[in-house]
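Visitor: I am new to this structure and should be grateful for a close look at its interior. Please guide me through the parts that are packed inside and the links that hold distant stretches of the chain together.

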Amino acid sequence: MEKMECQGLFRLLFELCFVSGFMLSAVAAGGSVGINYGRVANNLPSAVKVVTLLKKQGIDKVKIYDSDPAVLQALSGSGISVVIGLPNEQLFATARRQSAAEEWVSKNVAKYLPNTKITTIAVGNEVFVDPHNTTRYLITAMQNVHSALVMYKIDDKVKVSSPIALSALQTSYPSSAGVFKQDLAEVVMKPMLEFLRQTGSYLMVNAYPFFAYKDNADVISLDYALFKPNAGVVDSGSGLQYTNLLDAQLDAVNAAMAALKYGDVRTVVTETGWPSKGDENETGASLANAAAYNSNLVRRVLSGKGTPLRPQTPLEVYLFALFNENKKNGPTSERNYGLFFPDEEKVYNVPLLMAKSGDDHKGSSPPVDVGSAAGGQSWCVASEEASEDQLQAALDYACGEGGADCKEIQPGASCYDPDTLKAHASFAFNSYYQKNARTTGTCDFHGAAYVVSQLPKFGKCALPTGF
């Protein structure tokens, strides 16, 4: 990942409707979600255990950053589709000699097919920002790898691409004005897009609304970045309206491709996510925002809708990332993008729902108990990002029309103290959530609440797990 200006499940399903749930690597109306399995850490479970975790969570699409034999062997027979990586440091050798590409494909791809479902090779990663200046080797390396796939007669099963960061754009706002940097457009992007078109592949894009919000929180709405209800932004060039920042970022890339006459090449979001923790100057990095971003993103993807510029093309997205990685360099956020801790406990709860619609349960599997489905308990608490007006309105609904049991937060009752809006709202939200069997759509309150998997306590009051 890299920082960008203005600008990885699986049965891990995020808040779909009022709160809750979606099937991560499910495909709904053409939209699909997978996850990045990064391993820059010294405390992660074995590859065998990770595959067990992926299968337990229903994850059937994963992306890794190399071709580690232990990981590829562990994935064998799992049915999980995998994108593997040829690291930047191997681009020179792969571009210089066709035989090197053939040897790499033989050792890292052909050897594992068909038992390990390798679908794509990511040749390099964000090569344009690699300080080792490997951009000049990229296109030849991609061509040589594809030629090796042809030689082994597996080019119909495995595609070749390369992830780019949004910093490859010279202009990204408004989206309709998106163009690639001059030093990349003709020399690299045009031949890459031609290669992708000719081989039936797609452009990999790493896009992080978090970076754009962090650096421009004074002008970018948090709701716009988190897929929450907002007034939207009208593109002054196209007249199209955008209701979230990720769509705007993707359409800037789409516009840049169209400017080079490659508007027909598909894009896949190979990385996107939001950190659950960050340094003091990393505005917006928080547990609540990470939960909101990922849950709302998955709901948006599984709706099957495309971006405003490509409305008929469903999105394919890989969330970043499966685990928090303790050996990553950089600010605190870099080590806190994971949905899971290394001990396989969730960083924040992701409710489960095998659903095909983000708006209701018609035509989908019935609601499930997201606590028991996750193998443990869950609670509903007030979001730190919600305003006092939002919390009060949601509290009034929960204790009134919603039928929550709010006796314990009345003056003199056991959970009246601490006498704060957040504590009282959390008790009411959780009562409503538990009374409704922790089903999907019962812990959102229009963004004022979210689900957690560790017992919350407010003063001496611990939220109950059932009513």
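Guide: The model shown here is a predicted one. Its largest nonpolar core has 104 residues, and V109, F180, L193 and L203 are those with the most contacts inside it. Once its neighbours within four places in sequence are set aside, V109 is in contact with I84, W104, I118, I121, L149, I154 and V158. A second core, separate from the largest one, has 31 residues, among them A382, L391, A428 and Y450. In soluble globular proteins, nonpolar side chains tend to be buried together.

One of the contacts of V109 is L149, and L149 is also one of the buried residues of helix α5. This helix covers residues 135–151, 17 residues in number. From first C-alpha to last, α5 reaches 25 Å, close to the 24 Å expected at 1.5 Å a residue. The buried residues of α5 are T135, L138, I139, A141, M142, N144, V145, H146, A148 and L149. An α-helix has 3.6 residues a turn, so residues three or four places apart point the same way. Within α5, buried residues such as L138, A141, V145 and A148 may be followed along the helix with that spacing in mind. The elements that cover the buried residues of α5 include the strands β4 (81–86), β5 (117–123) and β6 (159–161). Helices α3 (91–96), α4 (98–110) and α6 (182–199) are also included in that cover. After α5 comes K153, whose phi is positive, near 60°.

Aromatic rings form another part of the picture. The whole structure contains 15 aromatic pairs. In one of them, Y208 and F320 meet edge-to-face, with 6.3 Å from centre to centre and 80° between the planes. Y208 is in the loop between β10 (203–206) and α7 (209–215), and F320 is in the loop between β14 and α11, so their pairing ties together parts that lie 112 residues apart in sequence. Y208 counts as buried at 0% relative accessibility, and F320 does so at 4%. Another pair, Y213 and W274, is tilted, with 6.2 Å between centres and 35° between planes. Because Y213 belongs to helix α7 and W274 to the loop between β13 (267–272) and α10 (287–302), this pair ties together parts that are 61 residues apart in sequence. Both Y213 and W274 are buried. Ring pairs link these four residues with others into a cluster made up of Y208, F210, F211, Y213, F227, W274, Y293, F320 and Y337.

W274 also leads to a buried asparagine. N336 is in contact with W274, P275, S276, K277 and N324, leaving aside its neighbours within four places in sequence. N336 lies in the loop between β14 (316–319) and α11 (370–373). Its relative accessible area is 11%, and N336 is buried because this value is under 20%.

The covalent links come next. The chain has 3 disulfides, and with bonded cysteines counted along the chain, their pattern is 1-5, 2-3, 4-6.

One disulfide joins C380 to C443, with 2.1 Å from S to S. The link of C380 and C443 is right-handed, with 90° about the S-S bond. C380 is in strand β15 (residues 379–382), while C443 is in the loop between α13 (421–435) and β16 (449–452), so the bond ties together parts that are 63 residues apart in sequence. C380 is buried, at a relative accessible area of 0%, and C443 is likewise buried at 0%.

Another disulfide is formed by C399 and C406, whose sulfur atoms are 2.0 Å apart. This link is left-handed, with -90° about the S-S bond. C399 is partly exposed, with a relative accessible area of 31%, whereas C406 counts as buried at 8% relative accessibility.

A further disulfide joins C415 to C461, with 1.8 Å from S to S. The angle about the S-S bond is 85°, and the link of C415 and C461 is right-handed. This pair links distant parts of the chain, 46 residues apart: C415 is in the loop between α12 (388–399) and α13, and C461 is in strand β18 (residues 461–462). Both C415 and C461 are buried.

Definitions and conventions: Residues are numbered from 1 along each chain as its sequence is written. This is a predicted model: local features need pLDDT of at least 70, side-chain atom pairs count only at pLDDT 80 or more; totals for chains, interfaces and linings use all residues. Side-chain values use heavy atoms; hydrogens and water are left out. A nonpolar core is a set of buried Ala, Val, Leu, Ile, Met, Phe, Trp, Tyr and Cys residues joined through side-chain atoms within 4.5 Å. Buried means under 20% relative accessible area, exposed over 50%, partly exposed in between (1.4 Å probe, protein chains only). Contact means heavy atoms within 4.5 Å. Helices (H or I, at least four residues) and strands (E, at least two) are DSSP runs, numbered from the N terminus. A disulfide is a pair of cysteine sulfur atoms within 2.5 Å. The expected span of a helix is 1.5 Å times one less than its number of residues. Rings of Phe, Tyr and Trp (its six-membered ring) pair if their centres lie within 6.5 Å; planes under 30 degrees apart count as stacked, over 60 as edge-to-face and the rest as tilted.
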